[in-house]
Amino acid sequence: MGSYLGKSTDQENFRKNQEFQFQLQRLQLERQIHMRNQIRERKLALQVAKHRELFYWVGAFYVLSAGTTIFAFQKTKKPAILTALLPLTFFVLYQGDLAYGNKLQRINSEAENILQFEEHLLHLPLGLPNFDSIEEGRQEQQDEESITKAHDIFL
C-alpha cells in the first residue's frame, strides 16, 4: 500500500517538474527572441545612420559637381556637359530616399510579399542540411586533410 502511494506522488512530482522545466524553457526562448529583436533593431539603426552619413558626403559632392558643371555649361554653351548630372542626380535621390525617405518601409513590405506569396524563392538548394549531410562533409574534409598530410610527408 505504501509503494502505491509513493508511485503516485513520484509521478505527480515528475509531472510538476516537467511543467516547471517547460515554463523555464519558454521564458528563456522569449528572452532570446526579445534579445535578438533588440540586436536586429540596433543593427538596422546603425545602417540607417550609415546611409544618412553617406548622404551628407554624396550631397556635398553633388552640389560641388552641379555647380562646376553649370559653370562649365555657361562658359561653353554645350548642353552635353549637363548630361554628367543625370546619373549623379539619380544616385543622390536614391541615397536621400534611403536615408530620409520611406525606402526601408517599401523594402520591408516587399519582403513581406515575398514571404507570403513567393515562398518558393526562399528554399535552400537541396533542402535543409541534416545530420547525415553534415557528417558526410566533415568526413570528406578529414579525408582530404589526411591525404594532404600524407602528400606533404612524401614531398
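Biologist: How many aromatic pairs does the rule for rings give here?
Modeller: Rings of Phe, Tyr and Trp (its six-membered ring) pair if their centres lie within 6.5 Å; planes under 30 degrees apart count as stacked, over 60 as edge-to-face and the rest as tilted. By that rule, the count of aromatic pairs is one.

Biologist: Which kind of pair do the rings of Phe55 and Tyr100 make?
Modeller: Their centres are 5.9 Å apart. Their planes stand at 70°, so the pair is edge-to-face.

Biologist: How many residues apart in sequence are the parts that Phe55 and Tyr100 tie together?
Modeller: Helices (H or I, at least four residues) and strands (E, at least two) are DSSP runs, numbered from the N terminus. Phe55 belongs to helix α1 (residues 2-76) and Tyr100 to helix α2 (residues 85-100). The pair therefore links parts whose separation in sequence, in residues, is 45.

Biologist: Before we go on, what kind of model is this?
Modeller: Residues are numbered from 1 along each chain as its sequence is written, and side-chain values use heavy atoms, leaving out hydrogens and water. Local features need pLDDT of at least 70 and side-chain atom pairs count only at pLDDT 80 or more, while totals for chains, interfaces and linings use all residues, the model being predicted.

Biologist: What is the relative accessibility of Tyr100?
Modeller: Buried means under 20% relative accessible area, exposed over 50% and partly exposed in between (1.4 Å probe, protein chains only). Its ring partner Phe55, at 21%, counts as partly exposed. Tyr100 also counts as partly exposed, and its value is 42%.

Biologist: What accessible area does the nonpolar patch with Tyr100 have together?
Modeller: Patches are made of residues with over 30% relative accessible area and no salt bridge, like charges being joined within 9 Å and nonpolar side chains (Val, Leu, Ile, Met, Phe, Trp, Tyr) within 5 Å. Areas come from the Shrake-Rupley method with a 1.4 Å probe, and for residues only the protein chains shown count as cover. Tyr56, Trp57 and Tyr100 form this surface patch, with a joint area of about 410 Å².

Biologist: Which side chain of opposite charge is nearest to Lys103?
Modeller: Lys and Arg count as positive and Asp and Glu as negative, with His and the chain ends not counted. Lys103, in helix α3 (residues 103-117), is buried and has no salt bridge (a side-chain nitrogen of Lys or Arg within 4 Å of a carboxyl oxygen of Asp or Glu). At 4.7 Å, the nearest such side chain is Asp97.

Biologist: How far apart are the C-alpha atoms of Val48 and Ala99?
Modeller: Val48 sits in helix α1. Not counting residues up to four places away in sequence, Val48 touches Ala99 and Leu104 (contact means heavy atoms within 4.5 Å). Val48 and Ala99 are 51 residues apart along the chain, and their C-alpha atoms are separated by 6.1 Å.

Biologist: How many salt bridges does a search of the whole structure find?
Modeller: Among them is Glu12 with Lys16, the closest N and O atoms being 3.5 Å apart. Another joins Arg26 and Glu30, at 3.3 Å, and these two lie in helix α1, four residues apart. In the whole structure, the number found is four.

Biologist: How far apart are the closest N and O atoms of Glu135 and Arg138?
Modeller: Both residues lie in helix α4 (residues 131-154), three residues apart, about one turn of the helix. Glu135 is partly exposed at 26%, and so is Arg138 at 37%. They form a salt bridge whose closest N and O atoms are separated by 2.3 Å.
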